[in-house]
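Biologist: Please take a close look at one part of this model for me, the place where two helices and a sheet come together. I would like a connected account rather than a list.

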Amino acid sequence: GLVMHTQQPLQEHDIQQDDPTPWMCDWVQSEGFRGHAVAPLITDGRSVGVLVVTTREPRLLDEGGMRSLLLMANQAAIAIEKARLHQEEVKGQTLEKELEVGRQIQLSLLPEAPPQVPGWEFAAYYQAAHQVGGDFYDFFDLHGEPHRLGLVIADVTGKGVPAALFMALSRTVIRTTARNGPSPSVALMRANSLIVEESQGELFLTAFYAMLDTHSGRLVYANAGHNRPLWLQAGAEQFQELGAGGTLMGAFAEIELEEREIDAAPGDLLVFYTDGVTEAMDADNKMFGEKRLRAAIAAQAGASAEKVLEAVVGRVWAFCGDVPQSDDMTLFVVRRCPSAT
């Protein structure tokens, strides 16, 4: 509604520190204003300000004057709201551009392409739930270790910018530590100590790190609380899990990790993934699950690593339908090519 009142010129002692109309102070008195009318500026049911009309002589607004004042107040409210929305749009566009830059930087931390190793096939897939995410994977040669390849997959708790920043730190620390040559368990334990020392937040990560001898097929690995990769041996119907004792990284300064090894024979298939794959949801809030993952892999067991990857990703997206992605999704497949006959 409209408020209209008149008053005598204000004296200095009349103005209190908590006066609800501080705009009535010195400049009003110096100009000799004696009355004012106040109309609220309302948009979408909320107040965005007031329109104040002052007069030098006390007077009451008639009905026409009141309508004119309310009309001006309405137009002012619309103009203010449009300006606010424009500012928010500009801020949103700026943030969008910054996130896109962050996304490009994050993608640059991932391998440009899977390794090209005679006798082996590698295929990888990564999709963040938002523009940036907390999953990562890595392939790298080990210093002074010909025919040995480092394989890492990890998942940071949380999503978005905080997870992406923690991902960048963790990826760099793990890669630097692992490439110096210690065994997988030692590498992850050292990396954990550095991550705890360097990080200030309360984010953690699960990680799986393996050293693959591409000549013998020996895979030595440690698992810091990550989803267990699946191993399907050539001609076998049952999967084996690459499990090993260990806890997640970033929570405790000292952790203990078990180390295990397997021998991948020609025709064997290894699938590494994050929980964004198995926990993908459909419209009924059902998870994709490990059973469907295994079925998708088994259906392409004799195919190339790329075909296996495409089959799994295709099954996941078909299962989810139009449901928005809720978590980062990372997957890579390693296949030892069958022996020539």
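Modeller: What follows is a description of helix α3, its partner helix and the sheet on which helix α3 packs. The model is a predicted one, and the chain averages a pLDDT of 84, with 84% of the residues scoring at least 70. A reservation applies to residues 1-17, where pLDDT stays under 50, although the model has 33 contacts beyond four places in sequence for that stretch. Where pLDDT is low, predicted coordinates should not be read in detail.

Turning to the pair of helices, α3 spans residues 160-179 and α4 spans residues 184-198, and the two pack with their axes 9 Å apart at an angle of about 140°. Because of that angle, α3 is oblique to α4, and the crossing of the two helices is right-handed. On the α3 side, the residues that meet α4 are F166, L169, S170, V173, I174, T177 and A178, and they face A187, L188, R190, A191, L194, I195 and E198 on the α4 side. Sorted by class, this contact of α3 with α4 comprises 10 nonpolar, 2 polar and 2 charged residues.

The sheet itself is open and consists of 5 strands in the order β5-β6-β7-β8-β11, with antiparallel pairing. Its edges are formed by β5 (135-142) and β11 (259-263), each of which pairs on one side only. Neighbouring strands of the sheet are turned against each other by 20° on average, with direction ignored. At the β5 edge, the pairing with β6 (residues 145-156) is antiparallel and runs over 8 bridges; within this pairing, F136 has A154 in β6 as its bridge partner. Helix α3 packs on this sheet, where it touches β5, β6 and β7 (205-213), and the direction of α3 makes about 20° with that of β5.

Taken together, α3 has contacts of two kinds: residues such as F166 and V173 meet α4, while the helix also touches strands of the sheet, β5 at the edge among them.

For a separate view elsewhere in the chain, A311 lies in helix α7 (residues 305-320). A311 and I297 are 14 residues apart in sequence, and their C-alpha atoms are 7.3 Å apart in space. Leaving aside residues up to four places away in sequence, A311 touches A296 and Q300.

Definitions and conventions. Residues are numbered from 1 along each chain as its sequence is written. This is a predicted model: local features need pLDDT of at least 70, side-chain atom pairs count only at pLDDT 80 or more; totals for chains, interfaces and linings use all residues. Side-chain values use heavy atoms; hydrogens and water are left out. Axes are lines fitted to C-alpha atoms, for helices over the stretch in contact, and angles run from 0 to 180 degrees between N-to-C directions. Helices (H or I, at least four residues) and strands (E, at least two) are DSSP runs, numbered from the N terminus. Angles under 35 degrees count as roughly parallel, over 145 as roughly antiparallel, 65 to 115 as roughly perpendicular and the rest as oblique. A crossing is left-handed if the near helix is turned anticlockwise from the far one by less than a right angle, and right-handed if clockwise. Contact means heavy atoms within 4.5 Å. Ala, Val, Leu, Ile, Met, Phe, Trp, Tyr, Cys and Pro count as nonpolar, Asp, Glu, Lys and Arg as charged, and the others, Gly among them, as polar. Two strands pair if DSSP finds at least two bridges between them. pLDDT is the predictor's confidence in each residue, from 0 to 100.
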